[in-house]
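These are my notebook entries on one structure. I set down what I looked up, entry by entry.

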Amino acid sequence: MATAHREVRAVLDTLARFKRWSQVVAVPDLGLTGLLAGVSDDRLVEFAERHLGPLTEHDRTRSGNLLETLRAYLETGEQQAAARRLKVHPNTLRYRLDRIREVTGMELEDPETRLNLAVALRVHMLLAL
């Protein structure tokens with residue numbers, strides 16, 4: 001009973017922290033979100049800023065769409081699917097990915113970089129940055 005209570009409390013605390021009161025989930029469904037709930041907002045914001053700051057600034061100052069492009073690319077796992085999702089020509093997607101590389105200095109083919117960017121995008125979404 002005590003374990004079940006802790007799990008329910010963890011789910012409720014996580015959903016409340018990220019303002020997702022209307023969601024219904026179980027502890028195993030929380031995945032990364034549950035893990036991130038144990039990290040302070042300051043550290044999460046710093047992590048997201050470190051990895052996404054240049055892209056956020058680029059998009060803000062130039063009415064760009066590099067964050068959206070990065071999200072589509074990382075979530076679909078490949079360029080053709082990302083281009084379809086964004087409803088752009090594959091060459092447009094390749095151009096945007098090149099811009100992401102230029103703006104961030106990051107190599108998108110590196111698995112660790114991709115993981116960090118994916119987590120930073122999740123934090124960005126959860127905290128509505």
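**Entry 1: The ends of H4 and H5**

I began at the end of H4, where the helix is followed by Gly77, a residue with a positive phi near 90°. I kept in mind that the model is predicted.

I then looked up the start of H5 and found that Glu78 caps its N-terminal end. A side-chain oxygen of Glu78 lies 3.1 Å from the backbone nitrogen of Gln80. At the other side, just after H5, I noted that Lys87 takes a positive phi of about 60°.

**Entry 2: Buried residues of H4 and H5**

Which residues of H5 are buried? I listed Ala81, Ala82, Ala83 and Leu86. Their cover includes H4 and H6.

For H4, I recorded Leu66, Leu67, Thr69, Leu70, Ala72, Tyr73 and Leu74 as buried. These buried residues of H4 pack against H3, H5, H6 and H7.

**Entry 3: H3 against H4**

I next looked up how H3 (residues 41-62) and H4 (residues 66-76) are placed. The two helices pack at an angle of about 130°, and their axes are 8 Å apart. H3 is therefore oblique to H4.

I wrote down the residues that meet: Leu52, Leu55, Thr56, His58 and Asp59 from H3, with Leu66, Leu67 and Leu70 from H4. Sorted by kind, the residues of this contact are five nonpolar, two polar and one charged.

I followed Leu55 further. Leaving out residues up to four places away in sequence, Leu55 touches Leu66, Leu67, Leu70, Ile100, Val103 and Thr104.

**Entry 4: The largest nonpolar core**

How many residues are in the largest nonpolar core? I found 27. Those that touch the most other members are Leu52, Leu55, Leu70, Leu93, Ile100, Leu108 and Leu117. H3, H4, H5 (79-86), H6 (90-104) and H7 each supply at least two residues of this core.

I added a general remark from my reading: in soluble globular proteins, nonpolar side chains tend to be buried together.

**Entry 5: His124**

My last search concerned His124, which I located in H7 (residues 111-126). Is His124 buried or exposed? The relative accessible area of His124 is 16%, so I entered this residue as buried, the cut-off being under 20%.

I also compared positions along the chain and in space. His124 and Leu44 are 80 residues apart along the chain, and their C-alpha atoms are separated by 8.7 Å.

Conventions
Residues numbered from 1 in each chain as written. Predicted model: local features only at pLDDT ≥ 70, side-chain atom pairs only at ≥ 80, totals over all residues. Heavy atoms only, no water. Axes fitted to C-alpha atoms, helices over the stretch in contact; angles between N-to-C directions. Helix = DSSP H or I, 4+ residues; strand = E, 2+ residues; numbered from the N terminus. Parallel < 35°, antiparallel > 145°, perpendicular 65-115°, else oblique. Contact = heavy atoms within 4.5 Å. Nonpolar A, V, L, I, M, F, W, Y, C, P; charged D, E, K, R; others polar. Buried < 20%, exposed > 50% of the residue type's maximum accessible area, 1.4 Å probe, protein only. Core = buried A, V, L, I, M, F, W, Y, C linked by side-chain atoms within 4.5 Å. Polar contact = N/O pair within 3.5 Å; in protein donor to acceptor, adjacent residues only side chain to side chain.
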